[in-house]
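Here is a quick walk through the structure for anyone who wants to find their way around it before going to the bench. Have a look at the model first, and then we'll take it piece by piece.

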Amino acid sequence: MAMTEMRKDDDTALDLFFAEARQSAPEPSAVFLGRILAQAEGVQAGFCATPVQPAVRRGVRAGGLGMLLALLGGWGGIGGMATAAVAGVWIGFAGSDTVAQVAGYAMTTETATASALLADGDILALAAE
Amino acid sequence: MALDALDDVSDETLLVLYGNGDRAAARMLTLRMGPLAFRVAQRMLGDRAEAEDLAQEALLRLWKIAPEWRTGEAKVTTWLYRVVTNLATDRLRRRRGIGLDEAPELPDGAASAVEQMIDGDRAAALEAALAQLPARQRQAVVLRHLEGLSNPEISAAMEIGVEAVESLTARGKRALAAILAGRREELGYGHD
């Protein structure tokens, strides 16, 4: 028999084997399909579950406000900034003369206090310098 | 959604519905993909318990990938054929303990193993003959001649070129013909 005829013959015979095998395809058991369905539903339940919130450290707020608070030293830092802002507004309203008077008073008071602590001789020595 | 209403829905749409929590889609996908995964695994491995185990592993991957499934890129069945046959190839490789490239075209005693078949069951004879093929040839022959996929579909499932698919199936068929040659008279497929 020629080689090509043998090939054709082989192919025909194999096709019959394939056809037979296709007709008797392996079937899964009901138990197996039940297991697959349970697995599918189990995985699917994970998709629908409420996402777990990440744990937040006590006293630390998440988000932009929390970060800002942390940078400024918490509510205490914010309070200090508010006091400084109010003071700034008052200074602007009262004018620079008042500020100079207050500053001058403070300086005078400091000088007087220091003088009182020195003995008379020491004051003269200080004046000579 | 009722199960009957999903009869005409494509596999891809079902997978999207499944990912969105539709329980009927889970049931319909199980009915469509479960038998496919098991059938291919059984044909590749020739062992029922191992085939069930492999099919379950492949389907678990499908369920997990559902929420990220990119529509329009690949058919669900092609994806599943790829995963099942690749997992089966890995198992066959481990079973034989050698690399696929080193697998002999026709192992010694292949024909005699088929001759030991007790009765004239042609499907069983073919399964025994398939078991003698190198894993990649078996993969190509199963997909082409038992699952009925086209060469381009096999090319996508096996991630190789169409020419490589043609070469694998041709070599696989030649090897099968040689293995089954001694059985043809006995099984009623002798020369006229």
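## The two chains at a glance

Let's start with chain A, which has 6 helices and 0 strands. Reading along its sequence, you simply get α-α-α-α-α-α. Keep in mind throughout that this is a predicted model. Of the 129 residues in chain A, 12% count as buried. Its accessible surface comes to about 9800 Å², and carbon and sulfur atoms account for 66% of that.

Chain B comes to 9 helices and 0 strands, so to speak a run of α-α-α-α-α-α-α-α-α from the N terminus on. Here 49% of the 192 residues count as buried. The accessible surface of chain B is about 8800 Å², with 46% belonging to carbon and sulfur atoms. What about contacts along the chain? If you take the contacts in chain B between residues at least 6 apart in sequence, 64% of them join residues at least 24 apart.

## Where the two α2 helices meet

Each chain has a helix α2, and these two come together: the axes of α2(A), residues 30-48, and α2(B) come within 9 Å and cross at roughly 135 degrees. That angle makes α2(A) and α2(B) oblique to each other, and their crossing is right-handed. On the chain A side, the contact is made by A:Phe32, A:Leu33, A:Ile36, A:Leu37, A:Ala40, A:Glu41 and A:Gln44. On the chain B side, you'll find B:Arg23, B:Ala26, B:Arg27, B:Thr30, B:Gly34, B:Pro35 and B:Phe38. Sorted by class, the residues of this contact divide into 8 nonpolar, 3 polar and 3 charged.

## Two residues of α2(B) up close

B:Pro35 is worth a click. This proline lies in helix α2 of chain B. Is B:Pro35 buried or exposed? Its relative accessibility is 19%, and because the cut-off for buried is under 20%, B:Pro35 counts as buried. Leaving out residues up to four places away in sequence, B:Pro35 touches A:Pro28, A:Leu33 and B:Thr30. Along the chain, B:Pro35 and B:Ala55 are 20 residues apart, and their C-alpha atoms are separated by 8.9 Å.

Now scroll on to B:Gln42, which is also found in α2 of chain B, a helix that covers residues 23-45. With 10% relative accessibility, B:Gln42 counts as buried. Which residues does B:Gln42 touch, not counting residues up to four places away in sequence? They are A:Pro26, B:Asp47, B:Arg48, B:Ala51 and B:Glu127.

## α2(B) against α7(B)

Helix α2(B) also packs within its own chain. Its partner is helix α7 of chain B, residues 135-146; the angle is about 135 degrees and the axes are 10 Å apart. That makes α2(B) oblique to α7(B), and the crossing is right-handed.

The contact brings B:Arg43, B:Met44 and B:Leu45 of α2(B) up to B:Ala135, B:Arg138, B:Gln139, B:Val142 and B:Leu146 of α7(B). Its residues divide into 5 nonpolar, 1 polar and 2 charged.

## α4(B) against α8(B), and the loop after it

Another helix pair in chain B is α4 (residues 76-96) with α8 (residues 151-158). Their axes come within 8 Å and cross at roughly 55 degrees, and α4(B) and α8(B) are therefore oblique to each other. This crossing is right-handed. From α4(B), the residues B:Thr78, B:Tyr81 and B:Arg82 meet B:Glu153, B:Ala156 and B:Ala157 of α8(B). By class, the contact has 3 nonpolar, 1 polar and 2 charged residues.

Finally, look at the loop between α8 and α9 (162-180) of chain B, where B:Glu159 is found. B:Glu159 has a positive phi of about 55 degrees, although it is not a glycine. Is B:Glu159 buried or exposed? At 56% relative accessibility, B:Glu159 counts as exposed.

Technical notes. Residues numbered from 1 in each chain as written. Chains lettered and ligands numbered in written order. Predicted model: local features only at pLDDT ≥ 70, side-chain atom pairs only at ≥ 80, totals over all residues. Heavy atoms only, no water. Axes fitted to C-alpha atoms, helices over the stretch in contact; angles between N-to-C directions. Helix = DSSP H or I, 4+ residues; strand = E, 2+ residues; numbered from the N terminus. Parallel < 35°, antiparallel > 145°, perpendicular 65-115°, else oblique. Left-handed = near helix turned anticlockwise from the far one by under 90°. Contact = heavy atoms within 4.5 Å. Nonpolar A, V, L, I, M, F, W, Y, C, P; charged D, E, K, R; others polar. Buried < 20%, exposed > 50% of the residue type's maximum accessible area, 1.4 Å probe, protein only. Areas by Shrake-Rupley, 256 points an atom, 1.4 Å probe, with all protein chains shown as cover.
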